[in-house]
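These are my notebook entries from reading through one structure, written down in the order in which I looked things up.

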Amino acid sequence: MPKQPRPASEPSLPLQLVVDRTSPVPLYYQLSQQLESAIERGVLTPGSLLGNEIELAGRLGLSRPTVRQAIQSLVDKGLLVRRRGVGTQVVHSQVRRPLELSSLYDDLEAAGQRPATVVLRNTTAAADVAVAAALGVAEGSEVLLVERLRYAHGEPMALLTNHLPTGLFDCDSEALEATGLYRLMRAAGVTLHSARQSVGARAAAPEEAGRLGEEPGAPLLTMERTTFDDTGRAVEYGSHLYRASRYSFEFQLLVRS
């Protein structure tokens with residue numbers, strides 16, 4: 001008769017860990033996946049201590065090499081850090097954002113990431129070639145320019161630049177720091193219907209790196225999105241930068257028969 005999964009827990013850890021020794025899935029991977037899930041769900045919050053490898057191995061009834069391998073996989077992902085004299089500590093959870101028509105603010109809030117925003121610019125500007133083409137306006141015409149720095153758990157996550165047609169809604173800076181742009185647009189009666197989006201990557205320029213807490217030349221994810229309302233009018237053009245060390249996009253692929 002196969003043995004039942006063996007629960008392993010520690011009062012100081014706010015979760016129940018279970019390892020199944022009859023499973024073909026390696027024990028280190030079982031442990032790393034459970035810890036990663038707990039970090040992503042906010043059960044293990046930034047700053048939480050897991051203890052050192054010897055303590056964890058004793059708590060879970062696993063060998064030290066198994067625990068070391070599990071921890072190292074999460075250290076490599078940037079989710080945990082080893083601190084001398086302290087132990088293993090949760091750093092943060094990487095944001096995994098599905099590619100759908102949603103705002104970063106809503107996605108962070110849904111993931112329990114405690115979003116916050118600093119408005120860097122909220123003004124009007126002349127539309128350059130790219131902005132004019134995206135919004136369907138004449139080059140040089142006046143558009144609204146909004147630039148924001150988005151935080152999660154007090155850590156910079158993304159630099160967001162948005163251009164919108166003037167007169168679309170009252171784009172108040174205080175409101176932008178309290179909630180997401182799409183929420184404000186919907187509250188103003190703008191019906192967001194569809195979007196055209198592209199994702200890429202590039203190195204961080206010095207000013208961008210400084211704002212995002214990265215080194216110059218660090219990899220950044222890029223996203224450009226043009227959003228349309230239910231009449232087909234372009235209502236927003238976004239050009240966003242995300243820290244690759246803290247952020248990823250998720251795709252759902254369907255097999256065509």
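Entry 1, the whole chain. I began with burial, and of the 257 residues of the protein chain, 43% count as buried; I should keep in mind that this is a predicted model. Going through the secondary structure, I found eight helices and 13 strands in the protein chain. I then looked up the contacts between residues at least 6 apart in sequence, and 57% of these join residues at least 24 apart. For the outside of the protein chain I noted an accessible surface of about 13,200 Å², with 51% of that surface belonging to carbon and sulfur atoms.

Entry 2, helix α1. I wanted to check the length of helix α1, which covers residues 27-40. With 14 residues at 1.5 Å a residue, α1 should span 20 Å, and because its end C-alpha atoms are 20 Å apart, I could write down that the two values agree. Which residues of α1 are buried? I listed Gln30, Leu31, Ser32, Leu35, Glu36, Ala38 and Ile39. Just after α1 I came to Gly42, which takes a positive phi of about 85 degrees.

Entry 3, aromatic rings. I searched the whole structure for aromatic pairs, and the search gave one. The partners are Tyr28 and Tyr29, with 6.3 Å from centre to centre and 75 degrees between the planes. The pair counts as edge-to-face because the angle between the planes is over 60 degrees. I also looked up how far each ring's residue is covered: Tyr28 has a relative accessible area of 25% and is partly exposed, and Tyr29, at 39%, is partly exposed as well.

Entry 4, Arg186. I placed Arg186 in helix α7, residues 181-187, and noted that its relative accessible area of 39% makes Arg186 partly exposed, since that value lies between the limits of 20% and 50%. How far apart are Arg186 and Phe169 in space, C-alpha to C-alpha? I found 9.8 Å, while in sequence Arg186 and Phe169 are 17 residues apart.

Entry 5, the largest pocket. I noted that about 250 Å³ of space lies in the largest pocket, and that 15 residues line it, with Thr161, Arg202, Glu208, Ser239 and Leu241 nearest its centre. Looking for where the lining comes from, I found that β9 (155-165), α8 (206-212), β11 (219-229) and β12 (234-243) each supply at least two residues. The largest share, four residues, comes from β12.

Notes
Residues are numbered from 1 along each chain as its sequence is written. This is a predicted model: local features need pLDDT of at least 70, side-chain atom pairs count only at pLDDT 80 or more; totals for chains, interfaces and linings use all residues. Side-chain values use heavy atoms; hydrogens and water are left out. The expected span of a helix is 1.5 Å times one less than its number of residues. Buried means under 20% relative accessible area, exposed over 50%, partly exposed in between (1.4 Å probe, protein chains only). Rings of Phe, Tyr and Trp (its six-membered ring) pair if their centres lie within 6.5 Å; planes under 30 degrees apart count as stacked, over 60 as edge-to-face and the rest as tilted. Contact means heavy atoms within 4.5 Å. Accessible areas come from the Shrake-Rupley method with a 1.4 Å probe; for residues, only the protein chains shown count as cover. On a 1 Å grid over the protein atoms alone, a cavity is a set of points where a 1.4 Å probe fits but cannot get out, and a pocket is an open set with protein on both sides within 12 Å along at least five of seven lines; lining residues have an atom within 4 Å of a point. Grid points are joined across faces, edges and corners, and a volume is the space filled by probe spheres set on the points.
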